[in-house]
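Colleague: Could you take me through this model step by step, with the reasoning behind each answer?

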Amino acid sequence: MDIEKDMEMLQKLQNIDYDMSELERSKDYLPEMINNLEKEIEGTRDALATSERELGEQTILHSNLELELDTLNQELTKFQKQMKEIKTNKEYDALTTEIANRKVKISANEEDILKTLTRIDELTEQIKQYRERLEEVEKNNNTQLVGLRQQLSSIQDKVKIKEGERKNVTVRIDKKLLATYERVRKGRGNTVMVAIRKRACGSCHKSVPPQIIQEIRKGDKVYTCDNCGRMLIWTEESG
Ligand SMILES: [Zn+2]
């Protein structure tokens, strides 16, 4: 049993397993990122469409108010002309009422027209801003989406490649060591091989007796941490 070679292979295995878990993780977060970018485009489009719809409504309202105003002004002119030809007090009272009534309506109508024009101005400015924003969002997000969709569609291929690499590596590792590695990985996650730092386990910091450190350095035997069970290795940073 060549411990040095085994440990080297186990480190390779650890790297492969790390890559594989990253690929698994990206199966979750890539669709989420894609969805968020698509939603942002959609939301910006919706905001623009809502403002455009309201602008259409306000424009129709404005032309209707203008038509109404014309009619009211015509009626007012007509009543004012009739005023010059009245013969009785009754006629006078009736006309005065009509004229006053038209004047009130005209003033209300003019106020409404002003409000509509103000709103049309606001909406026009808003639409201009939304269009610019949409163009920007579409450009940014679509670029990102192309990359993310490519990444997502290539995950399965990448996983297969890693599975192949994993097989090649595992057949070259001592079965007992491999079993230890798999057991620790199951319980502790991706970091199975951990370097000794300051005479202690680099992960949980439990101190390692000098005698064992010596043996690990020599590469005679494989030791696991008393506390966390991870496989202890000696690297350049361990000294
Ligand atoms: Zn430990």
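Modeller: Two residues are in contact if their C-beta atoms, placed from the backbone, lie within 7 Å. Please keep in mind that this is a predicted model.

Colleague: With that cut-off, which residues is V184 in contact with, leaving aside its neighbours within four places in sequence?

Modeller: V184 has its place in helix α3, which covers residues 175-188. The C-alpha atoms of V184 and R230 are separated by 6.3 Å, although the two residues are 46 residues apart along the chain. Once the neighbours within four places in sequence are left aside, the residues in contact with V184 are V192, G229, R230 and M231.

Colleague: Does V184 count as buried or exposed?

Modeller: A residue is buried if 20 or more other C-beta atoms lie within 10 Å of its own, and exposed if 12 or fewer do. V184 has 20 C-beta neighbours inside 10 Å, and therefore it counts as buried.

Colleague: Turning to the helices, is α1 roughly parallel or roughly antiparallel to α2?

Modeller: Two packed helices are described by the angle between their axes and the distance between the axes. Helix α1 spans residues 3-83 and helix α2 spans residues 89-170, and their axes come within 4 Å and cross at roughly 165°. Angles over 145 degrees count as roughly antiparallel, so α1 is, with respect to α2, roughly antiparallel.

Colleague: How many nonpolar, polar and charged residues does the contact of α1 with α2 have?

Modeller: The crossing in which α1 passes α2 is left-handed. Sorted by class, the contact of α1 with α2 has 38 nonpolar, 17 polar and 25 charged residues.

Colleague: And which residues in α3 do D6, L10, L13 and D17 in α1 meet?

Modeller: The axes of α1 and α3 come within 11 Å and cross at roughly 35°, and here α1 passes α3 in a right-handed crossing. The residues that D6, L10, L13 and D17 of α1 meet in α3 are L177, Y181 and R185.

Colleague: Now for the sheet: which strands stand at its edges?

Modeller: The sheet is open, with four strands in the order β2-β1-β4-β3 and with mixed pairing. Each edge strand has a single partner strand, so one side of each is left without a neighbour in the sheet, and these edge strands are β2 (200-201) and β3 (223-224).

Colleague: What is the bridge partner of A195 in β4?

Modeller: Strands of a sheet pair through backbone hydrogen bonds, either parallel or antiparallel. Strand β1, residues 193-197, and strand β4, residues 231-233, run parallel and are joined by three bridges. Within β4, the residue that serves as bridge partner of A195 is I233.

Colleague: Which residue in β2 does R197 stand opposite?

Modeller: The pairing of β1 with β2 is antiparallel and extends over two bridges. The residue of β2 that stands opposite R197 is A200.

Colleague: What is the phi of K198, in the turn between β1 and β2?

Modeller: Most residues other than glycine have a negative phi. K198 is found in the loop between β1 and β2, and with 11 C-beta neighbours inside 10 Å it counts as exposed. Although K198 is not a glycine, its phi is positive, at about 50°.

Colleague: And what is the phi of R199?

Modeller: R199 also lies in the loop between β1 and β2, and R199 is exposed, because it has 12 other C-beta atoms within 10 Å. R199 is not a glycine, yet its phi is positive, at about 60°.

Definitions and conventions. Residues are numbered from 1 along each chain as its sequence is written. This is a predicted model: local features need pLDDT of at least 70, side-chain atom pairs count only at pLDDT 80 or more; totals for chains, interfaces and linings use all residues. Axes are lines fitted to C-alpha atoms, for helices over the stretch in contact, and angles run from 0 to 180 degrees between N-to-C directions. Angles under 35 degrees count as roughly parallel, over 145 as roughly antiparallel, 65 to 115 as roughly perpendicular and the rest as oblique. A crossing is left-handed if the near helix is turned anticlockwise from the far one by less than a right angle, and right-handed if clockwise. Ala, Val, Leu, Ile, Met, Phe, Trp, Tyr, Cys and Pro count as nonpolar, Asp, Glu, Lys and Arg as charged, and the others, Gly among them, as polar. Two strands pair if DSSP finds at least two bridges between them.
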